[in-house]
4 protein chains.
Amino acid sequence: MERFSISMDDGLLAKFDRHLGAHGYSNRSEAVRDLVRKVLVDEEWNAGEEVVGVITLVFDHHQRQLQDKLTELQHDHHDIIISSTHVHLDHHNCLEVIIVRGVAGSVRELADQLKATRGVKSSELTAASTGRRL
Amino acid sequence: MERFSISMDDGLLAKFDRHLGAHGYSNRSEAVRDLVRKVLVDEEWNAGEEVVGVITLVFDHHQRQLQDKLTELQHDHHDIIISSTHVHLDHHNCLEVIIVRGVAGSVRELADQLKATRGVKSSELTAASTGRRL
Amino acid sequence: MERFSISMDDGLLAKFDRHLGAHGYSNRSEAVRDLVRKVLVDEEWNAGEEVVGVITLVFDHHQRQLQDKLTELQHDHHDIIISSTHVHLDHHNCLEVIIVRGVAGSVRELADQLKATRGVKSSELTAASTGRRL
Amino acid sequence: MERFSISMDDGLLAKFDRHLGAHGYSNRSEAVRDLVRKVLVDEEWNAGEEVVGVITLVFDHHQRQLQDKLTELQHDHHDIIISSTHVHLDHHNCLEVIIVRGVAGSVRELADQLKATRGVKSSELTAASTGRRL
């Protein structure tokens, strides 16, 4: 652990402290580290490094052969998929959350293919990290 | 199902078609529907409606009492948490993916509290949907 | 000016320093202040406070009556528009950059109306600030 | 101009129409074109093509030598800067809006250098376009 000091205008610091209180932080240091880590995770993704990502799909399982297609696509990328969690949202709608680890390019490609599949209503790729460089 | 027609300049349409090919779409209609649904999911979150969200945490489980704190925070919100998946990324780092369903405000509050916990390295809240209005 | 200290793991600090070098910062304090101010500007916009915004339009001035419509829309909101800069990008395309100051809701409404005007090819609303609370 | 047709579930279409009304669109075609163009502008920036960008700075002109530094930085990049508009926000705060045209990499580099300058409180780079491919 190293320590370094930050200088900040009183008014800005007071506003930052109010923000921290409102968002559950008890500690400025933790909040600054979180801001820094967020920047570095974005950088890992832009640099095409090994990343961890989460693909979140919402789809209607009544759409013909949709689940077969989604399963097949996932098997084609089994080497980068860690796990897949399925939630039955209602009679029609499913949520599937797929945890992926690989180089940023392959993760994006899989996310694109799942998103483009007919019947997938919503699809998001979330940038996380292996945590090793944070 | 309804149909409506879109007019588009040739050059713009050609560029759109190339984009679709590069991102795995075989069909303009599906691509336009995806763009529309993305707008509507953002709107559900801004309007404070019932939403589905995914909270993705990366943390070091060696941080003292961190896992206890995260578990306790989750139990305090058990009524909006559907499931939680844990991945052991390496000797130090863990990934936890928590699926949540509730009004947008409560989901954001839980995500804030988890993010502000000391030892959580990275935390993202992903906007998904119950799918009912898509 | 106040000073406070931040503790950070060596590895994370080294990565942060490399990032700062690559993005032109000579000083950690300035970089942290920029991260904090970015959070606070977002908050000003979400809270509906008085903000400064920049609306960037790209449009084809050959589109019938487009310039009249854009001018009229701007006159209807003259009380929140500070200035408007016009660039002739080529024979067809114009860029117009409109600087606006008002409550966040009115600024968004004007930006929406300009964006929805037929012939406007691209439109962005950029969140800036009056600077008073930063 | 070409025409193509989109099929959409009634419920989704009704929701889309309500959204369009609330954001000033009188026409689905225009709204879909705007969504498509937004995707293509993002792509121009990611591909490193020639782009148009807007850099928005908020700064305190009382900060020692700040204006000299900002002017010097801009002169070093005069070949990509089209124009610069200055607004006196109050006794302390200035807004400067710089319109830039060049390959995406150079535009980002200039924006980084301006942002990292001590005394610049807020800095945003907005992605616009030459309009030629839209």
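## Exercises on a four-chain model

Chain B and chain C make no contact, and their closest C-alpha atoms lie 10 Å apart. Keep in mind as you work that this is a predicted model. Likewise, chain A and chain D do not touch, with 10 Å between their nearest C-alpha atoms.

**Exercise 1. Find the operation that superposes chain A on chain B, and name the residue of chain A that comes closest to its axis.**

Step 1. Start with the operation: a rotation of 180 degrees, with 0.0 Å of shift along its axis, places chain A on chain B with an RMSD of 0.0 Å.

Step 2. The two copies are therefore related as by a two-fold rotation axis.

Step 3. Now look along chain A for the residue closest to this axis: Thr126(A), whose C-alpha lies at 3.4 Å.

Step 4. Compare the two sides of the contact. The same surface serves both copies, as 100% of the contact residues of chain A recur in chain B.

**Exercise 2. Describe the side of chain A that touches chain B: how many residues, which elements and what kinds of residue?**

Step 1. Count first: 38 residues from chain A and 38 residues from chain B take part in the contact.

Step 2. Next, list the elements of chain A that give two or more residues to this side: helix H2 (28-46), strand E2 (50-60), strand E3 (81-88), strand E4 (93-103), helix H4 (104-115) and strand E5 (120-128).

Step 3. Among these, E5(A) has the largest share, with 6 residues.

Step 4. Sort the residues by kind, and you get 15 nonpolar, 13 polar and 10 charged.

**Exercise 3. Do the same for the side of chain D that touches chain B, then say how E1(B) and E1(D) run.**

Step 1. Here the contact takes 27 residues from each of the two chains, D and B.

Step 2. On chain D, at least two residues each come from strand E1 (2-8), helix H1 (10-22) and helix H2 (28-46). H2(D) supplies the largest share, 9 residues.

Step 3. By kind, this side of chain D has 13 nonpolar, 5 polar and 9 charged residues.

Step 4. Turn to the strands: E1 of chain B (residues 2-8) and E1(D) run antiparallel and are joined by 7 bridges. For a pair to pick out on screen, try Arg3(B), which stands opposite Ser7(D).

**Exercise 4. Work out which strands stand at the edges of the four-stranded open sheet of chain B.**

Step 1. Write down the strand order, E3-E4-E2-E5, with antiparallel pairing.

Step 2. Strands E3 (81-88) and E5 (120-128) of chain B each have a single partner strand, so they are the edges, and one side of each is left without a neighbour in the sheet.

Step 3. From one strand to the next, the twist averages 15 degrees.

Step 4. Look inside the sheet at E2(B) and E4(B), which pair in the antiparallel sense over 11 bridges. One pair to locate is Ile55(B) with its bridge partner Ile98(B) in E4(B).

**Exercise 5. Is Ile80(D) buried, exposed or partly exposed?**

Step 1. Locate Ile80(D) in the loop between helix H3 (66-76) and strand E3 (81-88) of chain D.

Step 2. Count its surroundings: 18 other C-beta atoms lie within 10 Å of Ile80(D). A buried residue needs 20 or more, and an exposed one has 12 or fewer, so Ile80(D) is partly exposed.

Step 3. Finally, check the contacts beyond four places in sequence: Ile80(D) touches Val100(D), Arg101(D), Gly102(D), Ser106(D), Val107(D) and Leu110(D).

Technical notes: Residues are numbered from 1 along each chain as its sequence is written. Chains are lettered from A and ligands numbered from 1 in the order in which they are written. This is a predicted model: local features need pLDDT of at least 70, side-chain atom pairs count only at pLDDT 80 or more; totals for chains, interfaces and linings use all residues. Copies are superposed by least squares on the C-alpha atoms of residues with pLDDT of at least 70 in both. Two residues are in contact if their C-beta atoms, placed from the backbone, lie within 7 Å. Ala, Val, Leu, Ile, Met, Phe, Trp, Tyr, Cys and Pro count as nonpolar, Asp, Glu, Lys and Arg as charged, and the others, Gly among them, as polar. Two strands pair if DSSP finds at least two bridges between them. Axes are lines fitted to C-alpha atoms, for helices over the stretch in contact, and angles run from 0 to 180 degrees between N-to-C directions.
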